[in-house]
Amino acid sequence: MATVTASHLVSTVCQVNSHGADTKAANLICMKNQAAITHNGLRFLNMLDRLQTRTNAKAVARQAVKQDNPRPWGKIICGKGLNLVFVGAECGPWSKTGGLGDVLGGLPPAMAANGHRVMTVSPRYDQYMDAWDTSVLVEVKVGDKIETARFFHCYKRGVDRVFVDHPMFLEKVWGKTGSKIYGPNAGVDYKDNQLRFSLLCQAALEAPKVLNLNSNRYFSGPYGEDVIFIANDWHTGLLPCYLKSMYQSRGIYMNAKVAFCIHNIAYQGRFPFSDFSVLNLPDRFKSSFDFFDGYETIDAAHAGILESDKVLTVSPYYAQELISGEDKGVELDNIIRKTGITGIVNGMDVQEWNPATDQHINVQYDASTVMDVKPILKESLQAEMGLHCDRNVLVVGFIGRLEEQKGSDVLAEAIPRFIGENCQIVILGTGKKAMEEQIENLETQYPDKARGIANFNVPLAHKIIAGSDFILIPSRFEPCGLIQLHAMRYGTVPIVASTGGLVDTVKEGFTGFQMGAFNVK
């Protein structure tokens, strides 16, 4: 029964595949697709519908040309787009700990496909084999020192991927050290993170001016000064401050704008107020950083919100939660109410997450073959995990960081209550050491029913998404979440906590099931 339910949900995923890039057009297309679903819910469009859609699209394009529309719907006119520069501490697949890396990996190609010139700027944490040294160096002041940063570059799927090379990134996080992006261990920060990300922000502001990039067949040369910076989370909160104090004060980047996107308000970049001096900003910016949480601190997210031209977040419901009170706004709710905020639902990388082409699973499938293939992939997952192979046993999956936000402790408490049923559970994730040990012990407690894998394993994540009947997401709060989007695309039913983007993307009884909200604290 669970597999049948999953297959009926495959045809409802169209609303999550656009990366938020063309929301209105995507909504219109989804409405048309939903109207054409057949009685068993397995197909989007029949042959007549497909023909009619192609015919209508051509008619719209012809009409747009007749009206001298410079950008007819469905047709890219190069040179008419925007210069977009995404800046973030993570960029998948090169670096990621969660949704931030996924978004900077998947959203920029979607924007490039819409005719924009797109660059991402992130740290070079490792010896990325596909990124080449540009030999371009810039000097920036970090603390009381002048630091030299070097740019590496690769061009993938229409996007200029730029990596900032400096020992503060590479020597600390390089794969051989076993360290993490933000600290030596999960939950422990590097003491100089404010300096590391000060360097990132300053280098990101230099990149559009100094890099002469010619990989794109439609665009060449530097991006120039007419750009929109999309700054992501607290690590880039300094960017709008440096833009105003170091560039616009000297007549540079006068048309540039900054959109600050909040992926998780729980991480704000709070440091002792005495550290303000190492940021090399004029005193007039102190009030933007000033924050009192029992101690006098500076707050990088606070500054990013106040100094940017636009504040965004990753789902409409999460935007409402952020201004609902200090518990969900994590003490920045008043500031966000003052600036305003727009929530746009995250999308997913539909090239990576496509069951029809996924190279990580043994058999590819689509909506027309899901009923036949899902049981095979379930048995394949059971075999790989060393569980009893039986397609009639419900398989429940969990993929995520092992920490309180993701509700992994809630799941651990719940397992003894349902594991006696005709089911198995597979958990994949990394995080706090105590929680990693907890899931790794599941096999000892329930040798025939449960498996816990505490490491980062992309192929296994795909296999769990494809082979499970249900995916559990018991998050205490979830700005958007991507796992539920992957699950729906693969015909796997998400069972989610009623919070943030999970409310926006999972429709009760239609694309999955809501289980109510958990206490944030």
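This report walks through the main sheets, helices and one buried loop residue of a predicted model.

## The chain as a whole

Let's begin with the overall picture. The chain holds 18 helices and 18 strands. Of its 521 residues, 53% are buried. Contacts also reach across the sequence: among those with a separation of 6 or more, 68% are between residues 24 or more positions apart.

## A six-stranded parallel sheet

Now to the strands. One open sheet is built from 6 strands, in the order β15-β14-β13-β16-β17-β18, and its pairing is parallel. At its edges lie β15 (450–453) and β18 (513–514), each of which pairs on one side only. Within this sheet, strand β13 (residues 394–399) and strand β16 (residues 470–473) run parallel and are joined by 2 bridges. To find this pairing in the model, look for G397, which stands opposite I471 in β16.

Helices pack against this sheet too. Helix α12 (residues 370–385) touches β13, β14 (423–428) and β15, and its direction makes about 70° with that of β13. Helix α13 (residues 408–418) lies across β13, β14 and β16, and runs at about 160° to β14.

## A closer look at helix α12

Helix α12 is worth a second visit. With 16 residues, α12 reaches 22 Å from its first C-alpha to its last, close to the 22 Å expected at 1.5 Å a residue. Which residues of α12 are buried? They are V370, V373, K374, P375, L377, K378, L381, Q382 and M385. Just after α12 comes G386, whose phi is positive, near 75°.

## A three-stranded antiparallel sheet

A second open sheet has 3 strands in the order β8-β10-β9, and here the pairing is antiparallel. Its edge strands are β8 and β9, each pairing on one side only. From one strand to the next, the twist averages 45°.

Each pairing in this sheet can be followed by its residues. Strand β8 (residues 270–272) is joined to strand β10 (residues 296–299) by 3 bridges, and the two run antiparallel. There, F271 has I298 of β10 as its bridge partner. Strand β9 (residues 290–292) also pairs with β10 over 3 bridges, in the antiparallel sense, and F291 stands opposite T297 in β10.

## Helices α7 and α9

Helix α9 links this sheet to our next topic. It lies across β9 and β10, running at about 55° to β10. A helix partner is found as well: helix α7 (residues 239–247) and helix α9 (residues 300–307) pack at an angle of about 55°, with their axes 8 Å apart. Because of that angle, α7 is oblique to α9.

Which residues make the contact between the two helices? On the α7 side they are P240, C241 and K244, while α9 contributes A303, G304 and E307. Sorted by class, this contact of α7 with α9 has 3 nonpolar, 1 polar and 2 charged residues.

## The hairpin of β3 and β4

Earlier in the chain, strand β3 (residues 132–142) and strand β4 (residues 145–156) run antiparallel, with 8 bridges joining them. One of the pairs is L137 with R150, its bridge partner in β4. This hairpin has 2 residues between the strands, and in it G143 takes a positive phi near 65°.

## A buried histidine in a loop

Finally, turn to H166, found in the loop between β5 (159–165) and α5 (167–173). Is H166 buried or exposed? Its relative accessible area is 6%, so H166 counts as buried, the cut-off being under 20%.

What does H166 touch, leaving aside its neighbours within four places in sequence? The residues in contact with H166 are E147, T148 and L199. Two of these residue numbers, 147 and 148, fall inside strand β4 (residues 145–156), so this loop residue leads back to the hairpin described above.

Methods
Residues numbered from 1 in each chain as written. Predicted model: local features only at pLDDT ≥ 70, side-chain atom pairs only at ≥ 80, totals over all residues. Heavy atoms only, no water. Pairing = 2+ DSSP bridges. Helix = DSSP H or I, 4+ residues; strand = E, 2+ residues; numbered from the N terminus. Contact = heavy atoms within 4.5 Å. Axes fitted to C-alpha atoms, helices over the stretch in contact; angles between N-to-C directions. Parallel < 35°, antiparallel > 145°, perpendicular 65-115°, else oblique. Nonpolar A, V, L, I, M, F, W, Y, C, P; charged D, E, K, R; others polar. Expected span 1.5 Å × (residues − 1). Buried < 20%, exposed > 50% of the residue type's maximum accessible area, 1.4 Å probe, protein only.
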